[in-house]
Amino acid sequence: MFQNVDREGWSEDIGCYMENGGYEELRKALTMERTAIVNEVKASGLRGRGGAGFPCGVKWGFIKLDEPKPVYLICNADESEPGTFKDRYILHQDPHQLLEGMIISSFALGVHLAYIYIRGEFPTGAKILETAIAEARAKNFLGKNILGSGFDLEIYVHRGAGAYICGEETGLIESLEGKRAYPRIKPPYFPAVLGLYQCPTIVNNVETLCNIKHIVRMGGAEYAKIGKPNNTGTRVLCVSGDVREPGYFELEVGAVTMGELIYDLCGGMKPGRKLKAVIPGGSSAKVLRAGEKYKIKTKQPDGSTGEKEIGIEDIVMDFDSLAAVGSMAGSGGVIVMDDSRDMLWTLNNINEFYAHESCGQCTPCREGSLWMKKITERMLLGGGVERDPAVLKNVADNIAGRTICAFGEACAWPTQSFVAKFKEEFDSRAGKPVPPPMPPEYLPEELIGKEEAHA
Amino acid sequence: MEMPRELLAKIDEAITHYPASKRSAVLPVLHLIQEGLGFVSDEAVEWTAAKLELQPINVLELVTFYPMFRREPAGVHHIRVCRTLSCAMAGGYQLMNSFCRAARIENHAHGGHGAAIQKSKDGKYSIEFVECLASCGTAPVCMVNDDLHEKVAPEAAPAILQKYT
């Protein structure tokens, strides 16, 4: 996926792309049967790279071959999960890889109108994509009767405007329809059934769609040999935080452990510092504490399943292993924290993000995300009350599983995991028996006075 | 409200990208208006609603929901500093303070979306915190207008401002 990112002598225009074999897979795909392409994707075992890891072939399988309603394809380029910065590089440096993947996918799914939903904060990226689309159209890779195949496709770039919840596929669809990005409840609003304009829609991440071209090139079965069973292919891991050399790494899924990633690939911790915590899959993933032991199942040589205990450094970076230790692979955004970090400060920073980004639809999330942020903020300022850790847990427990979309889990999991795993840090800041008096600017009389002054 | 001709042409072109529903064009139209006119005024909200055959509330609810839209002008140059975890760990908050000092902006606690934009008195610079800009590996990052600046140490803020006069 990243073979052309930061490559010497590479430029993002179509000329360079085609000199390096670009759009050959498209030519190949147009000669294939639509079902054949979908079957290759199913055989590849490709799992979504946006964060949920849902099998792409299964998702595509929901689209009927003879669907009477228009079918849409949307590329989710709203990369916003804190800690994740992989799609940025593809969008800015190798846009034609994405376009080729989208055109092949659209052909397979019977899509004639596709959108790339890109973050508003990537204005340069949007321009680069629009130029790339124009270049592709000029060479008849887009538009009417692509390469004489009789297949028509238009792709448009649609810019978001700064809302994280537009990365949620149904929130994205609502936003594309010109509304507030309030996610829809699934069932019944699975995008493949009732998506954009209530028509069947496939929403895939940028990296996922780039994989499609490579699957067509090598065949699904060959692709499935890369990585591990049920965790196939390569993925791009993004490491940030307290490592010496943060950055992106495209690796076979399951090829490295957490320790190898942090210490070998990223140069380890800063001088004099020790690992304290890792968030392995974007800020929504549950935190892992250094020194914790995890019991995981292993396959014995005789076929039976055994159990062994591993430490954080031994966790294999794939979907199943990270789920087994109680977190998730998510978007691949690994945030590393060393022993200089205050976990309360860290959680408060994360809580503030979720409090800002809640769309506001569901009461538990709307009220709970702000409530948790206010508690951690108050604790940070020295006003932590004895009940606070228990209240934090209680609020978080009442958000997860009780919302329309997974943002509920996303804002609850950090609080649940930080408070549980760093209990001593939170307890030590929760010493007061009662909350301190509120700062003057919060007194109702003062606020009312200010409102009247402004009116 | 009169739209400048060039802006109107871009808006009309953008609407053609959404054959199935005119309402889908609101976001691109608002982007074009903000880029062309600097911000989204109440008149612009009504104009957009009329143009796309919607009620004004259908446009206003988007301006108030999406953080990138502002209802008053920003400075000539607008600075966005990332405050989310990796950038905050790398010094994002110190970077904000540094920018405010260098640009002579009074740094009250950031009011967030909907609050008045923090601007320098001469109107040259405005600044706000934003959430994750998806460049965590090169933290701390900020944007000035459409340009991304990576690995910006707080001391580097004045030098960055020099490039935007």
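Two strands count as paired if DSSP finds at least two bridges between them, and helices (H or I, at least four residues) and strands (E, at least two) are DSSP runs numbered from the N terminus. The model is predicted, so local features need pLDDT of at least 70 and side-chain atom pairs count only at pLDDT 80 or more, while totals for chains, interfaces and linings use all residues. Residues are numbered from 1 along each chain as its sequence is written, with chains lettered from A and ligands numbered from 1 in the order in which they are written.

**Close-up of the parallel sheet of chain A, an open sheet of 4 strands in the order 3-2-1-4.** The edges of this sheet are taken by strand 3 (154–159) and strand 4 (201–205) of chain A, each with a single partner strand, so that one side of each has no neighbour in the sheet. From one strand to the next the twist averages 20 degrees (angles run from 0 to 180 degrees between N-to-C directions, and axes are lines fitted to C-alpha atoms, for helices over the stretch in contact). Strand 1 (residues 71–77) of chain A is joined to strand 4 of chain A by 5 bridges in the parallel sense, and across this pair Leu73(A) stands opposite Ile202(A) of strand 4 of chain A.

**Close-up of helix 6 and helix 8 of chain A, shown where they meet the parallel sheet.** Helix 6 (residues 95–109) of chain A lies across strand 1, strand 2 (111–118), strand 3 and strand 4 of chain A, and runs at about 155 degrees to strand 1 of chain A. Helix 8 (residues 169–176) of chain A also packs on the sheet, where it touches strand 1, strand 2, strand 3 and strand 4 of chain A, while its direction makes about 110 degrees with that of strand 1 of chain A.

**Close-up of the mixed sheet of chain A, in which 5 strands form an open sheet in the order 8-7-13-9-10.** Strand 8 and strand 10 (288–289) of chain A are the edge strands, each of them pairing on one side only. Strand 7 of chain A runs antiparallel to its partner, strand 8 of chain A, and the two are linked over 6 bridges. In this pairing Arg235(A) stands opposite Leu251(A), a residue of strand 8 of chain A.

**Close-up of helix 13 and helix 14 of chain A, whose axes are 8 Å apart.** Helix 13 (residues 343–357) of chain A packs with helix 14 (residues 363–380) of chain A at an angle of about 150 degrees, and the two helices are therefore roughly antiparallel to each other (angles under 35 degrees count as roughly parallel, over 145 as roughly antiparallel, 65 to 115 as roughly perpendicular and the rest as oblique). Residues meeting here include Leu344(A), Trp345(A) and Leu347(A) of helix 13 of chain A and Ser369(A), Leu370(A) and Met372(A) of helix 14 of chain A. By class, the contact has 9 nonpolar, 4 polar and 3 charged residues (Ala, Val, Leu, Ile, Met, Phe, Trp, Tyr, Cys and Pro count as nonpolar, Asp, Glu, Lys and Arg as charged, and the others, Gly among them, as polar).

**Close-up of domain 2 and domain 3 of chain A, whose C-alpha centres lie 24 Å apart.** To the contact between these domains, domain 2 of chain A gives 8 residues and domain 3 of chain A gives 11 residues (two residues are in contact if their C-beta atoms, placed from the backbone, lie within 7 Å). On the side of domain 2 of chain A that touches domain 3 of chain A, the residues divide into 4 nonpolar, 2 polar and 2 charged.

**Close-up of the interface between the chains, where 41 residues of chain A are in contact with 33 residues of chain B.** On the side of chain A that touches chain B, elements that each supply at least two residues include helix 7 (123–138), strand 3, helix 8 and strand 7 (234–241) of chain A. Helix 13 of chain A gives the most to this side, with 6 residues. By class, the side of chain A that touches chain B has 16 nonpolar, 17 polar and 8 charged residues.

**Close-up of helix 2 and helix 4 of chain B, whose axes come within 11 Å.** Helix 2 (residues 26–37) of chain B and helix 4 (residues 56–65) of chain B cross at roughly 65 degrees, and they are therefore roughly perpendicular to each other. Val26(B), Leu27(B) and Leu30(B) of helix 2 of chain B make the contact with Val59(B), Leu62(B) and Val63(B) of helix 4 of chain B. The residues of this contact divide into 6 nonpolar, no polar and no charged. Chain B as a whole comes to 7 helices and 5 strands, and its C-alpha trace spans about 50 × 35 × 25 Å along its principal axes.

How values were computed
Domains from an automatic or database assignment.
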